[in-house]
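Colleague: Could you take me through this model, one question at a time, and end each reply on the value or name I ask for?

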Amino acid sequence: MKRSLGYFRSVVLLASTLANNSGHTQNLVLNGDFESPGGPDHSFLTAGDTYITGWTVTADWVSYWQFFGDATGAGTHTVGLGYFRTPGGIEQSLATVPGQSYSVSFYVASTSGAELGASALLRASAGDFSGVFTGPPDTQPPPSNPGWQQFGFQFRAQSPTSLLVFEPLFTPSNTAVPLLDSVEVVPVPEPSFLLLLGTVWPLARWFQRRAEKS
Ligand SMILES: [Ca+2]
């Protein structure tokens, strides 16, 4: 019986560790909050520029801002993609497992110069996903907080590396620039893992309580 209890204490520890780790999975994105390199505003980064740590500029122009504040209040910097009809995107290559699903989250705000009220359009893509997100309307003239909204999507990796890309989408009637901050990518737990956890965890807890009572 003692050996049995010892075994289930080990299972409790394992299940507890798995449960804790599943809630605190590490962000796969390097410098997803854009707090590096820090320092003053840096406008008009051009294609190929790697000034923003971990990211590569895909097209002229991208701006590195502390002017607009931070999406979550945890930092000071963000990026602006494009400049009033001039495209400008950023990308980062992520190490992924083919077939594995990942969850992406990020914050978007809009800046539209004199045209307050416009909502910036942001195209995001990774793995098998590509979609356009409409940011919240720009209602506050800078340097007031432009207002931030969190968005997200899931993608399935198709190779050992997945390119995460963010670009503005301008239309003849909408030239609002999307601001981007706090990008996070984490693996989506597989159903089999959740099933295992859902089975093992209650059983292990039951044995733990029995052991504590005896
Ligand atoms: Ca930030």
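The exchange below goes from the overall fold to the sheets, the core and some backbone details.

Modeller: Before we start, residues are numbered from 1 along each chain as its sequence is written. This is a predicted model, in which local features need pLDDT of at least 70 and side-chain atom pairs count only at pLDDT 80 or more, while totals for chains, interfaces and linings use all residues.

Colleague: Which pattern of helices and strands does the protein chain follow along the sequence?

Modeller: Helices (H or I, at least four residues) and strands (E, at least two) are taken as DSSP runs and numbered from the N terminus. On that basis the protein chain has 2 helices and 11 strands. Read along the sequence, these elements give the pattern α-β-β-β-β-β-β-β-β-β-β-β-α.

Colleague: In what order do the strands of the 6-stranded open sheet lie?

Modeller: Two strands are said to pair if DSSP finds at least two bridges between them. By that criterion β1 and β3 are joined by 2 bridges and run antiparallel, with H42 standing opposite Y64 in β3. The pairing in this open sheet of 6 strands is antiparallel, and the order is β1-β3-β4-β11-β6-β9.

Colleague: Why is one side of β1 and of β9 left without a neighbour in that sheet, and what is the average twist from one strand to the next?

Modeller: β1 and β9 (149-156) stand at the edges and each has a single partner strand, so one side of each is left without a neighbour in the sheet. As for the twist, axes are lines fitted to C-alpha atoms, for helices over the stretch in contact, and angles run from 0 to 180 degrees between N-to-C directions. From one strand to the next, the twist averages 30°.

Colleague: Which strands are the edges of the open sheet of 5 strands?

Modeller: This sheet is antiparallel, in the order β2-β5-β10-β7-β8. Within it, 2 bridges join β2 (residues 56-57) to β5 (residues 90-95), where V57 stands opposite I90, and β5 in turn pairs with β10 (residues 161-168) over 6 bridges, with L94 opposite S162 and S93 partnered by L163. The strands that pair on one side only, and are therefore the edges, are β2 and β8 (129-137).

Colleague: Which element gives the largest share of the largest nonpolar core?

Modeller: A nonpolar core is a set of buried Ala, Val, Leu, Ile, Met, Phe, Trp, Tyr and Cys residues joined through C-beta atoms within 7 Å, where a residue is buried if 20 or more other C-beta atoms lie within 10 Å of its own, exposed if 12 or fewer, and partly exposed in between, with C-beta atoms placed from the backbone. The largest such core has 37 residues, of which V62, V79, L81, I90, V108, L179 and L180 touch the most other members. Two or more residues each come from β3 (62-65), β4 (78-81), β6 (101-111), β7 (119-126), β10 and β11 (177-187). The largest share, 6 residues, comes from β6.

Colleague: Which residues does V62 contact, leaving aside its neighbours within four places in sequence?

Modeller: Two residues are in contact if their C-beta atoms, placed from the backbone, lie within 7 Å. V62 is among the core residues that touch the most other members. Its contacts beyond four places in sequence are L45, V57, V79, G80, L81, G88 and I90.

Colleague: Is G48 buried or exposed?

Modeller: G48 lies in the loop between β1 (42-45) and β2, where it touches T56 and V57, not counting residues up to four places away in sequence. The C-alpha atoms of G48 and A59, which are 11 residues apart along the chain, are separated by 7.5 Å. Because 10 other C-beta atoms lie within 10 Å, G48 is exposed.

Colleague: S182 has a positive phi; is this residue buried or exposed?

Modeller: Phi of S182 is near 50°, a positive value in a residue other than glycine, and S182 lies in strand β11. R85, in the loop between β4 and β5, also has a positive phi, of about 80°, and with 12 C-beta neighbours inside 10 Å it counts as exposed. S182, with 22 other C-beta atoms within 10 Å, is buried.

Colleague: Which residues does the cis peptide bond with omega of about -5° join?

Modeller: One cis peptide bond runs from S36 to P37, with omega near 20°, and P37 lies in the loop between α1 (2-23) and β1. The bond with omega of about -5° leads to W61, in the loop between β2 and β3. The residues joined there are D60 and W61.
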